[in-house]
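Dear colleague,

I am passing on the structure below, followed by an account of what was found in it. Please read the text with the coordinates open beside you.

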Amino acid sequence: MKFITVDTYAKMSRRAANIISAQVILKPDSVLGLATGSTPLGTYKQLIDWNEKGDIDFSQAVTVNLDEYVALDSSNNQSYRFFMNKNFFEHININMNNTFVPNGCAADLEEECKRYDENISRLGGIDLQLLGIGHDGHIGFNEPDKYFVKNTHIVDLHESTVKANSRFFSSEDEVPKRAITMGMVSIMQAKKILLIASGKAKRDILEKAFFGPITPEIPASILQLHPDITVIYSED
Ligand code: GLP
């Protein structure tokens, strides 16, 4: 594991964008696993900038997102599909048909989970997975539990996650209580993992996740077993 600490969010974002662009330059048809949340916003901005300058080309890239709220469709400005379109995809030269986000409005959610995993396998797995981390150690929406969940699945969000994510909604009541998330198999089978986190409030959970015991109570701790993971943490 490479654990890099930098002093500013801007430096973290630039380092992360560097790793992603190196991946896409070396393998233009890379399958990128992408994340939402406030942490990756600076990384996406930097990649948009380099794409505009012609330094990085996403025309052959494929993306698979980690998760989506149940019952929010793509036109809802709180859905993760909306987030990805608005903060990244609409600004780069990617083929929208090659961007995949779980469908939280599917009539049969179990079937959607199965379909999502099958699609990832069809694509040959993920080349580089970008991750953030929740305050309780969740990755995607894999919440602390008694065991690690392997496949894409429906999850009941923990109260602390609903609370943390309520900052994007007008009230806590509006935050969906369920989500679809990629499971640990697709994440752990990614060839490379890049986890970014910023701010003092994330320090404690990073320490537990990467320097403590591997336990499903801290889902991100499983990443210690990954052969090629880089963590970039910014202190500010
Ligand atoms: C959400 C997302 C996670 C993300 C986490 C942290 O719960 N499902 O993928 O890592 O938020 O978000 P932030 O980066 O805003 O702290």
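**Strand 6 and the sheet**

Leu 131 stands opposite Leu 195 in strand 9, and this pair is a convenient place to begin, with the reminder that the model is a predicted one. Strand 6 (residues 128-131) and strand 9 (residues 192-198) run parallel and are joined by 4 bridges. Towards strand 2, which also runs parallel to strand 6, there are 2 bridges, and here Leu 128 of strand 6 is the bridge partner of Leu 32. Strand 6 is covered on both faces, with Leu 128 and Leu 130 buried on one side and Gln 129 and Leu 131 buried on the other. In a regular strand the side chains alternate between the two faces of the sheet.

Strand 2 (residues 31-34) is in turn joined by 4 bridges to strand 3 (residues 62-65), again in parallel, and Leu 34 stands opposite Asn 65 of strand 3. Taken as a whole, the sheet is open, has 7 strands in the order 1-10-9-6-2-3-5, and is paired in parallel. Its edges are strand 1 (2-6) and strand 5 (99-100), each of which pairs on one side only.

**Helices 2 and 3**

Helix 2 (residues 41-52) has 12 residues, which at 1.5 Å a residue should span 16 Å, and its end C-alpha atoms are indeed 16 Å apart, so the expected and the modelled lengths agree. Its buried residues are Gly 42, Thr 43, Tyr 44, Gln 46, Leu 47, Ile 48, Trp 50 and Asn 51, and these pack against helix 1 (9-26), strand 2, helix 3 (80-87), strand 6 and strand 9. The helix is followed by Gly 54, which has a positive phi near 85°.

In helix 3 the buried residues include Tyr 80, Arg 81, Phe 83, Met 84 and Asn 85. Among the elements that cover the buried residues of helix 3 are strand 2, helix 2, strand 3, strand 4 (67-69), strand 5 and helix 5 (159-165).

**A buried glutamate**

What does Glu 143 have in place of a salt bridge, given that it is buried and has none? Glu 143 is found in the loop between strand 6 and strand 7 (153-156), and the nearest side chain of opposite charge, that of Lys 177, is 12 Å away. The side chain of Glu 143 does, however, make a polar contact of 2.7 Å with the side chain of Thr 161. Leaving aside neighbours within four places in sequence, Glu 143 is in contact with Asp 136, His 138, Val 155, Asp 156, Leu 157, His 158, Thr 161, Pro 216 and Pro 219.

**Salt bridges**

The count of salt bridges comes to 7. One of them joins Asp 7 and Lys 11, whose closest N and O atoms are 2.8 Å apart; Asp 7 is partly exposed, at a relative accessible area of 41%, and Lys 11 is likewise partly exposed, at 42%. In another, the side chains of Asp 49 and Lys 53 meet at 3.1 Å, N to O, where Asp 49 counts as partly exposed at 29% relative accessibility and Lys 53 is exposed, with a relative accessible area of 56%.

A further salt bridge is formed by the side chains of Asp 228 and Lys 192, at 3.3 Å from N to O. Asp 228 lies in the loop between helix 7 (203-211) and strand 10 (229-234), whereas Lys 192 lies in strand 9, so the pair ties together parts that are 36 residues apart in sequence. Both are partly exposed, Asp 228 with a relative accessible area of 27% and Lys 192 at 33% relative accessibility. Finally, Lys 27, Asp 127 and Lys 191 are linked in a network of salt bridges.

**Val 185**

Val 185 lies in helix 6 (residues 184-188) and is partly exposed, with a relative accessible area of 28%. Beyond neighbours within four places in sequence, Val 185 is in contact with Lys 150 and Asn 151. Val 185 and Val 24 are 161 residues apart in sequence, and their C-alpha atoms are 23 Å apart in space.

With best wishes

Key:
Residues numbered from 1 in each chain as written. Predicted model: local features only at pLDDT ≥ 70, side-chain atom pairs only at ≥ 80, totals over all residues. Heavy atoms only, no water. Pairing = 2+ DSSP bridges. Buried < 20%, exposed > 50% of the residue type's maximum accessible area, 1.4 Å probe, protein only. Lys, Arg positive; Asp, Glu negative; His and termini not counted. Salt bridge = Lys/Arg side-chain N within 4 Å of Asp/Glu carboxyl O. Polar contact = N/O pair within 3.5 Å; in protein donor to acceptor, adjacent residues only side chain to side chain. Contact = heavy atoms within 4.5 Å. Expected span 1.5 Å × (residues − 1).
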